[in-house]
Every structure is written in structure tokens, then in C-alpha cells.
Amino acid sequence: MKLCYQAATPDVAIAGSVTAYQGPLDQSFGGLSRLGYDGVELMTLNPGALDWKEVKQTAEKYGLSVVLVCTGEIFGQLGLSYTSPAEGNRREAIRRSKEIIDFAGYLGANINIGRVRGQYCEQLSREETEELAVCAFRELADHASPKNVKIALETVTIMQTNFINTLAEAVDMVERVNRPNFRLMMDVFHLNLEEKDLYEAIRKYSPYNIHVHLADNNRRYPGQCGLDFEKILTTFKECGYDGNFCTEIFQLPSMEEAARGAMACLGPAAERVYGRKAADRRDT
């Protein structure tokens, strides 16, 4: 297993709403490496504006794996989605997602789909919205397959979208899309709000899961509020999950303090549960 931290690439506008470490990648990757993280999940908006070789080499320089590329700001900063009533909006969302898939393939990473899926709206029936989503997901999965990229559908709380809020709804969509590289991911912040029993939901739907987001129940760093992260990690381990755990948190009170606080909670828990030991990179 790997403990990872979300980091924004320079094309993402710096903002308080961004749930990632922000700034030059050499600074971000260097700081996260020295804190003991094993990898990063990249939040990106326009991969074409990036030097892919430089991104890869910077991660390698600091001993970090790039495990996933997040699509969230395609919706968050551009307002694009796969189920928008406007066809041009939908096509641009898919085009940008394909660029992110290409970028992820170059880095040996997967991608996720969160808010960019869109939501139910008055202009379209529920059936039309779902069919648009299925078609988009299949198109993206087929584009990703030869690049060895898996797509992780993320459930999101009703406070952010009214479309695919629970793991049961996500699994139903995975089955409808029917592509081997289209799976789901679990974000414990959303699960804590939408599932009747967080731990039972993890156990029940674990066979579909390929990635995990960690945040406390106030969306701040793990250990800052009320969730029991050792119990959460233990539940995943009991289900046979040995993949990546990545923070997706508000960078409060600062990026440095959030990253340090998350590791202070997750590092010892991961060592007790998984036997993980962080590499000593203090002199990197």
C-alpha cells in the first residue's frame, strides 16, 4: 500500500477551494517526499500546457509514484460535465478527459471521475442524463484501455451533486458501462455522509474498488476531527485492499500543516495495520 497526497499541477489556478498541495511541482513534490509520502495524486486541468517529461522526472527525483490523475477541476474551474444539456459543453468535457487519460497513461497512473460526471437537471430526464453518462463513460474507458489506464468512478455527496451519491448507485453504473477498466473508488468523507454504515459499505463493495480518498469528517486532514482512521485502514486491509490511499482535503490551516498533520495520523496507523514504513528522504 502507499500513502499519497493530492498535488495540483501549475495549470490549476491557486484557490482556497482546491483540495491539493499547490505551487511549483519541485516545491510540492520535495515537501511531500520529505514528510514521508510514497506518492501523489495529481489534480490537473490542461495537460497540454505541461511538460510531461518534467513532471515524471520531478516525481522520480523525489522518489514519488504518480498513482492517479484527478479530473475534478474540469468541472470545478471550467464548469464542464458529461451530462450538461449543452452538447458543446459535454464534448469539451470528454475531450479534456481524454487528454488527462493520455497524461495518466504516460505517467503509469489511473484517473478518477468525480463532479465532472454532472448532475440531474430540469432540461433532461433522469433517463437521458444516465444514458449520456453511460455513453461518455464507455467512450472514455475505450480510449483508456490501450493505454493501460483504469477509470475510478467516485461517489460524491448530495451536497455537491444529485447524481451517483452512494456506492450502490456507483456499482449499478459500473455494471451498465460494462468495461473491465471502469471501476469505482471510495472517498471516506463522502461515504461517511451517504452510507448507513461506513465500514459495512467498504466491505460490501470492496471488490469494485481501485482507489481510496482519505479525509476527516470535516474535510480537513485525517486526525483533525472524528473519524477512526486506524479502523478504516483495518477494514480495507481485511477486505484485501493493498492499493493507494490518498488525501483529498482542505489545505487548512496551511498546505504544510495539513500535509504534516495528515502524515502524523496516517503514518503510524499504516505502520500498525499494513506494516508500512516510510522511506527516509530528509536529505533529498
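User: How many bridges pair strand β1 with strand β2?
Analyst: Heads-up: this is a predicted model, so local features need pLDDT of at least 70 and side-chain atom pairs count only at pLDDT 80 or more, while totals for chains, interfaces and linings use all residues. Residues are numbered from 1 along each chain as its sequence is written, and side-chain values use heavy atoms, leaving out hydrogens and water. Strands (E, at least two residues) and helices (H or I, at least four) are DSSP runs numbered from the N terminus, and two strands pair if DSSP finds at least two bridges between them. β1 (residues 2-8) and β2 (residues 39-43) clear that bar, in the parallel sense, with five bridges.

User: Which residue is the bridge partner of A8 in β2?
Analyst: Two cross-strand pairs can be named here. A7 stands opposite L42 in β2. For A8, the partner in β2 is M43.

User: Is β2 enclosed or open, and how many of its residues are buried?
Analyst: Buried means under 20% relative accessible area, exposed means over 50%, and partly exposed is in between (1.4 Å probe, protein chains only). G39, E41 and M43 point one way from β2, with V40 and L42 pointing the other way. That fits the usual pattern, in which side chains of a regular strand alternate between the two faces of the sheet. β2 is largely enclosed by the rest of the structure, because the number of its residues that are buried is five of the five.

User: Which overall arrangement do strands β1 to β8 make?
Analyst: Beyond β2, β1 also pairs with β8 in the parallel sense over four bridges, and β7 runs parallel to β8 with three bridges. Neighbouring strands are turned by 30° against each other on average, direction ignored; axes here are lines fitted to C-alpha atoms (for helices, over the stretch in contact), and angles run from 0 to 180 degrees between N-to-C directions. With parallel pairing in the order β1-β2-β3-β4-β5-β6-β7-β8, the strands make a closed barrel.

User: Which residue of β8 is the bridge partner of V212?
Analyst: In β8, N244 and C246 point one way and F245 and T247 the other, and all are buried. C4 stands opposite C246. V212 has as its partner F245.

User: Which residues touch the most other members of the largest nonpolar core?
Analyst: A nonpolar core is a set of buried Ala, Val, Leu, Ile, Met, Phe, Trp, Tyr and Cys residues joined through side-chain atoms within 4.5 Å. The largest one holds 85 residues, and the members with the most touches are L42, F137, F236 and F245.

User: Which helix gives the most to this core?
Analyst: The helix in question has ten residues in the core. Its buried residues, including M255, A262 and L266, pack against β1, α1 (25-34), β7, α9 and β8. The helix, residues 255-274, is α10.

User: At what angle does α10 run to β1?
Analyst: α10 lies across β1, β7 (209-214) and β8 (244-247). Just after α10, G275 takes a positive phi of about 75°. Relative to β1, α10 runs at about 160°.

User: How far apart are the end C-alpha atoms of α5?
Analyst: The expected span of a helix is 1.5 Å times one less than its number of residues. For the 19 residues of α5 (126-144) that gives 27 Å, which agrees with an end-to-end C-alpha distance of 27 Å.

User: Is T235 buried or exposed, and at what relative accessible area?
Analyst: T235 is found in helix α9 (residues 229-238). Leaving aside neighbours within four places in sequence, its contacts (heavy atoms within 4.5 Å) are Y199, I202 and R203. T235 is buried, with a relative accessible area of 2%.

User: How far apart in space are N217 and L227, C-alpha to C-alpha?
Analyst: N217 lies in the loop between β7 and α9 and counts as partly exposed at 32% relative accessibility. Among the residues N217 touches are F189, C225 and L227. N217 and L227 are ten residues apart in sequence, but their C-alpha distance is 6.2 Å.

User: How many disulfides does the rule count?
Analyst: A disulfide is a pair of cysteine sulfur atoms within 2.5 Å. C121 is in no disulfide, as the nearest cysteine sulfur, in C135, is 16 Å away. The sulfur of C265 is 12 Å from the closest one, in C225, so that pair is too far for a bond. The count comes to zero.
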